[in-house]
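Reader: I have a chain to look over at the bench and would like to go through it piece by piece. Please keep the answers short and end each on what I asked for.

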Amino acid sequence: MILSCQHISKSFGVDRVLKDVSFHVEDNEKAAVVGINGAGKSTLLKIIMRELEPDEGVVTVAKEKTIGYLAQHQEIAGTSTIYEEVLEAKRELIDMEAQIRAMEDALETVDAAGMEAYMDRYHRLLHDFEARDGYSYVSEVTGVLKGLGFSEQEFDKPCGELSGGQKTRVSLARLLVTHPDIILLDEPTNHLDIESIRWLETFLLNYKGAVVLVSHDRYFLDRVVTKVVEISLHHSAVYAGNYSAYAEKAAKVREDQLRAWYNQQREIRHQEEVIEKLKSFNREKSIKRAESREKLLAKMDVLEKPEEEKSQMKISLAPSVVSGNDVLTVEELSKSYGEKTLFEGISFDIKRGERVALIGQNGTGKTTILKILNQIVDADAGAFRLGSNVEIGYYDQEQQELHMEKTLIEEIADDYPTLNHTKIRNVLAAFLFTEDDVFKRVSDLSGGERGRLSLAKLMLSGANFLILDEPTNHLDIASREILETALNHYEGTVLFVSHDRYFINRTATRILNLTGQSLINYIGNYDYYLEKREAAERAFLSEHTGEAAERILPDLSDAEQSGKMDWKAKKEEQARLRKRKNQLRRAEEEIAGLEERLAQIDADFANPEIATNSARLGELHWEQTELSEKLENLYAEWEELAEEV
């Protein structure tokens with residue numbers, strides 16, 4: 001056991017957050033802490049990190065184990081660049097490498113008498129450096145930054161110029177390269193695109209340490225965790241398995257508890273009726289029997305009614321008018337910012353009733369497309385047109401459509417003047433704003449609260465074409481499921497951007513992948529996209545390289561197109577594998593040669609004649625360093641090729 005929380009309780013004033021929360025985490029275990037917004041998940045992580053003191057209970061971390069923590073919001077000060085900020089986490093190795101180089105430079109000044117002790121110290125230092133993967137720390141920092149979505153062009157960007165989400169990614173990168181024994185992550189996927197989330201999943205699955213994470217990304221939780229700690233109504237419950245297993249087990253537990261309570265209540269009512277009937281007979285024996293039943297009833301261990309989390313918003317989406325069949329037509333749309341081209345010559349259309357997910361890496365222009373369609377941003381070239389009777393409802397992930405200076409009631413009343421005070425309060429209550437909450441200013445709301453307010457306005461709009469930019473951001477799992485249900489019952493049309501793969505899988509009927517400044521079309525949900533992605537992208541690139549015209553593949557569900565694509569993809573895959581096998585063989589031969597030469601150098605170091613020749617020793621050390629670095633890179637290349645082959 002590497003981490004233990006025993007009987008943790010915490011209140012803020014009269015507001016109880018946690019009560020008697022207990023769980024433990026084993027070495028190398030991956031565990032999730034789940035619960036609705038406000039359940040106390042982040043508070044629990046802060047208690048584990050000793051940023052907050054519990055009112056009761058104790059947190060125990062195994063002796064000499066290190067712990068690293070990523071909070072939801074990060075502040076990075078100073079003038080360092082992204083690369084420098086993450087590289088600084090390797091300071092110990094950087095200093096060790098500098099010491100090794102200094103010893104090598106000073107080698108010629110060491111006299112024969114002190115050479116043996118000097119070389120012994122040097123070899124110990126070198127051995128320690130190698131044992132801690134000293135030769136690969138630069139490539140590790142680069143790999144983690146790229147995995148989390150930073151391009152090499154961004155490495156030199158000053159941290160002071162970064163957005164909040166970028167700062168969180170930098171902090172995550174810095175944490176990952178430090179390799180603590182326990183990693184605590186609070187919403188690590190919030191600012192990552194789908195590819196970066198997939199990379200992080202693989203990293204955590206292979207991480208040789210314990211991980212405790214808070215996340216509302218169900219796909220991510222399903223892939224990574226093997227234990228779930230549920231925080232509900234201030235208490236904890238522990239479930240073995242991933243998120244799907246937890247959800248099924250937790251639902252069964254609640255169902256069993258509720259059934260047991262109902263059965264007991266029915267039995268109590270039955271006994272009370274029998275007692276009343278016996279007493280009504282007004283006979284000595286009947287009264288004694290009634291009294292006997294009363295005693296048994298008094299001894300009954302009465303179950304408490306299982307409480308429900310009062311956190312479920314109520315959303316019902318319905319268009320006020322029906323649009324035409326052709327909802328949106330986009331033709332040859334292009335957009336650049338300076339020298340950076342986001343997309344070029346993209347064309348697509350959307351029909352009534354479709355729910356289309358627009359996906360792609362961060363920075364490819366997904367949000368820009370939505371803003372162009374809402375006439376917030378102008379396209380450089382191309383055009384789009386809406387069909388007949390199309391009315392857009394727009395959900396902006398930055399909530400720029402909200403008025404920060406207004407109260408919640410004013411925000412609704414000013415946009416919907418026909419609604420009376422009671423109706424507005426009812427609408428806000430459906431989105432969990434009750435009592436004095438309705439008089440809060442929008443500027444005082446959290447990100448999740450602003451998201452719920454935007455959804456309330458969207459529900460009232462009666463729009464028949466919803467354009468949604470990251471609608472699940474800041475929503476807890478229960479709220480995401482409610483939104484999924486509402487969209488699946490919605491009779492209008494939806495175009496949305498999301499990094500929530502579970503949400504995409506549950507709601508999308510079509511996926512547009514924005515990649516390489518172009519769009520690839522998939523008729524299906526996220527599982528279908530995963531199944532067809534590699535073959536589709538290879539076929540697309542081979543067919544459309546150098547073209548700037550139509551950028552959409554034909555419907556991938558078409559049998560003829562699929563057959564053609566599969567044949568081409570198979571041939572390309574065979575050629576690629578042959579090439580990779582040759583590269584693998586050459587890498588193995590080169591590794592063998594380098595290892596042989598390094599073994600010879602080690603033997604030369606042991607040669608008494610060479611040990612007294614400082615010039616020759618210097619040459620050998622430089623050669624050893626150069627070959628060791630080259631060998632480290634070859635090992636990495638070989639691993640990559642071996643995985644592919």
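Reader: Which residue of strand 11 is the bridge partner of Thr329?

Author: The model is a predicted one. Strand 10 (residues 326–337) and strand 11 run antiparallel and are joined by 8 bridges. Within strand 11, the residue paired with Thr329 is Asp349.

Reader: Which strands stand at the edges of the open sheet with the order 11-10-13?

Author: This open sheet has 3 strands with antiparallel pairing. Two of them have a single partner strand each, so one side of each has no neighbour in the sheet. From one strand to the next, the twist averages 15°. The edge strands are strand 11 (340–351) and strand 13 (381–386).

Reader: At about what angle to strand 10 does helix 11 run?

Author: Helix 11 covers residues 366–373 and lies across strand 10, strand 11 and strand 13. Relative to strand 10, helix 11 runs at about 120°.

Reader: In the open sheet of 6 strands, which residue of strand 6 stands opposite Ile67?

Author: That sheet has the order 5-6-7-3-8-9 and mixed pairing. Strand 5 (67–70) and strand 9 (235–240) are at its edges, each with a single partner strand, so each has one side without a neighbour in the sheet. Strand 5 and strand 6 (residues 182–186) run parallel, joined by 4 bridges. Opposite Ile67 stands Ile182.

Reader: At roughly what angle do the axes of helix 12 and helix 13 cross?

Author: Two packed helices are described by the angle between their axes and the distance between the axes. Helix 12 (residues 408–415) and helix 13 (residues 421–430) have axes that come within 10 Å. Helix 12 passes helix 13 in a right-handed crossing. The angle is roughly 120°.

Reader: How many nonpolar residues does the contact of helix 12 with helix 13 have?

Author: Helix 12 contributes Leu408, Ile409, Ile412 and Ala413, while helix 13 contributes His421, Ile424 and Leu428. By class, 1 residue of this contact is polar and none is charged. The number of nonpolar residues is 6.

Reader: Is Arg501 buried or exposed?

Author: Arg501 is found in helix 16 (residues 501–507). Its relative accessible area is 1%, and the cut-off for buried is under 20%. Arg501 is therefore buried.

Reader: Which side chain does Arg501 join in a polar contact of 2.4 Å?

Author: Leaving aside neighbours within four places in sequence, Arg501 is in contact with residues including Ile194, Arg198, Glu201, Asp217 and Tyr526. The polar contact of 2.4 Å is between side chains, and the partner of Arg501 is Glu201.

Reader: How many of the residues of strand 18 are buried?

Author: Strand 18 covers residues 518–522. On one side, Ser518, Ile520 and Tyr522 are buried, and on the other Leu519 and Asn521 are buried too. Strand 18 is thus largely enclosed by the rest of the structure, and the count is 5 of the 5.

Reader: In the hairpin of strand 17 and strand 18, which residue takes a positive phi?

Author: Strand 17 (residues 510–515) and strand 18 run antiparallel, with 5 bridges joining them. Thr515 stands opposite Ser518. There are 2 residues between the strands, and the one with a positive phi, near 60°, is Gly516.

Reader: What share of the residues in the chain is buried?

Author: The secondary structure comes to 20 helices and 18 strands. The chain has 645 residues, and the buried share is 46%.

Note on methods: Residues numbered from 1 in each chain as written. Predicted model: local features only at pLDDT ≥ 70, side-chain atom pairs only at ≥ 80, totals over all residues. Heavy atoms only, no water. Axes fitted to C-alpha atoms, helices over the stretch in contact; angles between N-to-C directions. Left-handed = near helix turned anticlockwise from the far one by under 90°. Contact = heavy atoms within 4.5 Å. Nonpolar A, V, L, I, M, F, W, Y, C, P; charged D, E, K, R; others polar. Buried < 20%, exposed > 50% of the residue type's maximum accessible area, 1.4 Å probe, protein only. Pairing = 2+ DSSP bridges. Polar contact = N/O pair within 3.5 Å; in protein donor to acceptor, adjacent residues only side chain to side chain.
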